[in-house]
Amino acid sequence: MQVTVGRIGRPHGIRGDVVVGVRTDEPELRFARGSQLDTDPAEVGPLTVAGSKWHSGELLVRFDGVSDRDAAAELRGTWLTVDSATIAPLEDPDEFRDGDLVGLSVRTVDGTPVGTVDDVLHSGQDVLVIKSADGREVMVPFVKPLVPDVDIPGGTLTINPPDGLLNLQDAP
């Protein structure tokens with residue numbers, strides 16, 4: 001299975017650097033010189049990292065064979081992926097990768113179906129974006145009191161929402 005580690009954005013400068021939107025907890029490893037990344041669309045890659053650096057809070061990456069701004073611009077929008085077999089397992093049992101959570105079936109502690117994990121947002125506090133059966137998005141802070149059980153092999157995630165968080169009865 002392929003796991004997304006980044007997405008190529010705009011070119012930076014005239015030497016072929018691109019801004020990469022990072023989607024991995026290990027950018028120093030994934031974007032190290034010599035790392036090979038698969039791409040979506042596949043015909044663009046694979047791409048080999050020639051170098052990377054952080055600049056003003058953004059990751060700038062240069063790939064082998066991409067030596068000017070025009071070539072870099074052609075890569076814009078390309079997703080960068082790696083084979084999940086190359087990712088070491090996490091040591092902490094209470095730590096999860098986004099790709100492991102997306103797609104899990106969500107139920108409350110009393111067994112009420114809520115939906116499916118659609119995304120994980122990282123901004124100060126990790127937040128699960130859950131898509132309900134009727135298409136609504138519900139955001140649940142990813143903290144132990146609200147998410148007491150994550151069963152990756154079983155494909156389920158249990159939430160213990162406080163009153164008013166879900167408001168399933170108010171569905172349009």
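This report covers the overall build of the chain, one run of paired strands, a buried loop residue and a pocket.

**Overall build**

The structure is a predicted model. The chain has 172 residues, and 33% of them count as buried. Its secondary structure comprises three helices and twelve strands. Along the principal axes, the C-alpha atoms fill a box of roughly 55 × 35 × 30 Å. The exposed surface of the chain is about 10000 Å², with 48% supplied by carbon and sulfur atoms. Take the contacts between residues at least 6 apart in sequence: 48% of these join residues at least 24 apart.

**Strand S7 and its partners**

Strand S7 covers residues 105–108, and its side chains alternate. Val 106 and Thr 108 point to one face and are buried. Ser 105 and Arg 107 point to the other face and are not buried.

S7 pairs with S8 and with S12; S8 also pairs with S9. The table lists these pairings.

| Strand pair | Sense | Bridges |
|---|---|---|
| S7 and S8 | antiparallel | three |
| S7 and S12 | parallel | four |
| S8 and S9 | antiparallel | eight |

Individual residues can be placed within these pairings. Val 106 stands opposite Gly 115 in S8. Arg 107 has Pro 113 as its bridge partner in S8. In S12, which spans residues 156–159, Arg 107 stands opposite Thr 158. Arg 107 thus has a partner named in S8 and another in S12. Further along, His 122 stands opposite Asp 126 in S9, a strand that runs over residues 125–132.

Two hairpins link these strands. The hairpin of S7 and S8 has four residues between the strands, and Gly 111 there takes a positive phi near 95°. S8 and S9 form a hairpin with one residue between them. Gly 124 sits in that turn, with a positive phi of about 80°.

**Leu 104, ahead of S7**

Leu 104 lies in the loop between H3 and S7. Is Leu 104 buried or exposed? Its relative accessibility is 5%, so Leu 104 counts as buried; the cut-off for that class is under 20%.

What does Leu 104 touch, apart from its neighbours within four places in sequence? The contacts include Gly 115, Thr 116 and Val 117. Val 150, Asp 151 and Ile 152 are also in contact with Leu 104. Gly 155, Thr 156 and Leu 157 complete the list. Gly 115 is also the residue opposite Val 106. Pro 153 is 49 residues from Leu 104 along the chain, yet their C-alpha atoms are separated by 9.8 Å.

**The second largest pocket**

The second largest pocket holds about 290 Å³ of space. It is lined by 17 residues; closest to its centre are Asp 94, Glu 95, Phe 96, Phe 142 and Val 150. Val 150 is also one of the contacts of Leu 104.

Which elements each supply at least two residues of the lining? They are helix H3 (98–101), strand S8 (113–123) and strand S11 (149–151). By class, the lining has nine nonpolar, seven charged and one polar residue. S8 therefore appears in the lining as well as in the pairings above, where S7 and S9 are its partners.

Definitions and conventions
Residues are numbered from 1 along each chain as its sequence is written. This is a predicted model: local features need pLDDT of at least 70, side-chain atom pairs count only at pLDDT 80 or more; totals for chains, interfaces and linings use all residues. Side-chain values use heavy atoms; hydrogens and water are left out. On a 1 Å grid over the protein atoms alone, a cavity is a set of points where a 1.4 Å probe fits but cannot get out, and a pocket is an open set with protein on both sides within 12 Å along at least five of seven lines; lining residues have an atom within 4 Å of a point. Grid points are joined across faces, edges and corners, and a volume is the space filled by probe spheres set on the points. Ala, Val, Leu, Ile, Met, Phe, Trp, Tyr, Cys and Pro count as nonpolar, Asp, Glu, Lys and Arg as charged, and the others, Gly among them, as polar. Buried means under 20% relative accessible area, exposed over 50%, partly exposed in between (1.4 Å probe, protein chains only). Contact means heavy atoms within 4.5 Å. Accessible areas come from the Shrake-Rupley method with a 1.4 Å probe; for residues, only the protein chains shown count as cover. Two strands pair if DSSP finds at least two bridges between them.
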